[in-house]
Amino acid sequence: MGNYLLNNGVLLPKVGLGVYQMKNEHEDAIIWALRNGYKHIDTAAFYHNEELVASTIKKSGVNRKDIFITTKLWNSDHGKRTKQAFEMSLKKLGTDYIDLYLIHWPSPKYVESWLILEELYKEGKIRAIGVSNFEQTHLSDVLKHGSIVPAVNQIHTNPFLQQPDLHNYMVNKNIQHVAWSPFGHGNKNLFDNPILTSIAERHGKTTAQVMLRWNIERNVGVIPKSVNPARLKANLEIFDFSLSDEEMKQISTLDKNKKGFVNPDNKLFLWATTLLR
Ligand SMILES: NC(=O)c1ccc[n+]([C@@H]2O[C@H](COP(=O)([O-])OP(=O)(O)OC[C@H]3O[C@@H](n4cnc5c(N)ncnc54)[C@H](OP(=O)(O)O)[C@@H]3O)[C@@H](O)[C@H]2O)c1
């Protein structure tokens, strides 16, 4: 599937398995994924499944060092709690290093937390540090106050929410764009969209595969979630076709730039989630 070269020389697998809302009953799906080509798992302290990720890696028989683990600092752990939260993630993941540690959201103390991530990175406990859901203003703040450029910004991205300005800003600053909810959390309107379905038919692929391929054509990483082995397999089969310039142009017309309640411009959401654990 290949990798993206992050700005500190670390390689990030282009496709990862998103495990948001996965629970113990989905253990088999994660093990299946690990044994069948997935090299990257995207979890978070807030998903409350880091221990499940650890146990599935163990049970899969795949070597820890062959898996790229992303996890995230939750909103209620910013500032003074950052180090403790990181140590807790390490413990739950049963590992002594994290491949990619992200600040989950730009909660009020994000600059303070970023400086602590820089310290942890310098101590060698994290291979790459980055952020998630950061807008241009948050990124420029971090660039101004910190000494390390975030390796990744993981943001909500799908054909209805393309984020072109933020994407271009990140390309410019050498910050890797990773798309969360690449299927809009299973949005039926995306799967049934006539432009996407006709492109899929032309290539003998599914709409889901076209959505993932569209990201790859833009050099964006993807972390689709599935608990179904057939769909897990299909979500990796996106490297045997490509989209033409005309098809990319057609998809670019689908952008609605519409964000829901859960978005980094919503100060109420950012503040309220600092109270959630
Ligand atoms: N940083 C953040 O703030 C943030 C926020 C949200 C999500 N994320 C990350 O992004 C990951 C993915 O996002 P998501 O979980 O919201 O949803 P998603 O990947 O956009 O969509 C998942 C949905 O699509 C279905 N699906 C998967 N593959 C399919 C295929 N090939 N054909 C048809 N349907 C398919 C899944 O059903 P089945 O499982 O039944 O296949 C599920 O209902 C998360 O797991 C998490 O790791 C990060």
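How many bridges join S7 to S8? There are 2 of them, and the two strands run parallel. A pair here means that DSSP finds at least two bridges between two strands. Strands (E, at least two residues) and helices (H or I, at least four) are DSSP runs, numbered from the N terminus.

Before going further, a word on what you are looking at. This is a predicted model, so local features need pLDDT of at least 70, side-chain atom pairs count only at pLDDT 80 or more, and totals for chains, interfaces and linings use all residues. Residues are numbered from 1 along each chain as its sequence is written.

**The sheet**

S7 and S8 belong to an open sheet of 8 strands with parallel pairing, in the order S3-S4-S5-S6-S7-S8-S9-S10. Strand S3 (17-18) and S10 stand at the edges with a single partner strand each, so one side of each has no neighbour in the sheet. The table lists some of the pairs.

| Strand pair | Bridges | Residues standing opposite each other |
|---|---|---|
| S3 and S4 (residues 40-42) | 2 | Gly-18 and Asp-42 |
| S5 and S6 | 4 | Lys-72 and Leu-102 |
| S6 and S7 (residues 126-132) | 5 | Tyr-101 and Ile-129 |
| S7 and S8 | 2 | Ser-132 and Gln-154 |
| S8 (residues 152-156) and S9 | 5 | Asn-153 and His-177 |
| S9 and S10 (residues 221-222) | 2 | Ala-179 and Val-222 |

S6 and S7 have another facing pair too: Ile-103 stands opposite Val-131 in S7.

**Getting from strand to strand**

Now follow the chain through its helices. S5, H3 and S6 form a β-α-β unit that is right-handed, meaning that with the strands pointing away from the viewer, the path from the first strand over the helix to the second runs clockwise. Helix H3 (residues 82-93) lies across strand S5 (68-73) and strand S6 (98-103), and runs at about 145° to S5. That angle is taken between N-to-C directions on a scale from 0 to 180 degrees, with axes as lines fitted to C-alpha atoms, for helices over the stretch in contact.

From S6 the chain goes on through helix H4 (residues 110-122) to S7, again in a right-handed β-α-β crossover. As for S7 and S8, which share 2 bridges, the chain crosses between them through helix H5 (residues 136-145), and that crossover is right-handed. Helix H6 (residues 164-173) sits in the right-handed β-α-β unit that S8 and S9 make with it.

**What is covered**

A residue is called buried if 20 or more other C-beta atoms lie within 10 Å of its own, exposed if 12 or fewer do, and partly exposed in between; the C-beta atoms are placed from the backbone. In S6, 6 of the 6 residues are buried, so the strand is largely enclosed by the rest of the structure. S7 is largely enclosed as well, because 7 of its 7 residues are buried.

Strand S9 (residues 176-180) is mostly covered, with 5 of its 5 residues buried. In a regular strand, side chains alternate between the two faces of the sheet. In S9 both faces are covered: Gln-176, Val-178 and Trp-180 are buried on one side, and His-177 and Ala-179 on the other.

**Trp-180 and the ligand**

Trp-180 lies in strand S9 and counts as buried because it has 20 C-beta neighbours inside 10 Å. Leaving aside neighbours within four places in sequence, Trp-180 is in contact with Gly-18, Gln-154, Ile-155, His-156 and Ile-223; contact means that the C-beta atoms, placed from the backbone, lie within 7 Å. Ile-155 and Trp-180 are 25 residues apart in sequence, yet their C-alpha atoms are 5.6 Å apart in space.

Which residues are the closest to the ligand? Trp-180 is one of them, along with Gly-18, Tyr-20, Gly-186 and Lys-225, in a shell of 26 residues. A residue belongs to that shell if its C-beta atom, placed from the backbone, lies within 6 Å of the ligand. The shell divides into 10 nonpolar, 13 polar and 3 charged residues. In that split, Ala, Val, Leu, Ile, Met, Phe, Trp, Tyr, Cys and Pro count as nonpolar, Asp, Glu, Lys and Arg as charged, and the others, Gly among them, as polar.

Definitions and conventions: Contact = placed C-beta atoms within 7 Å.
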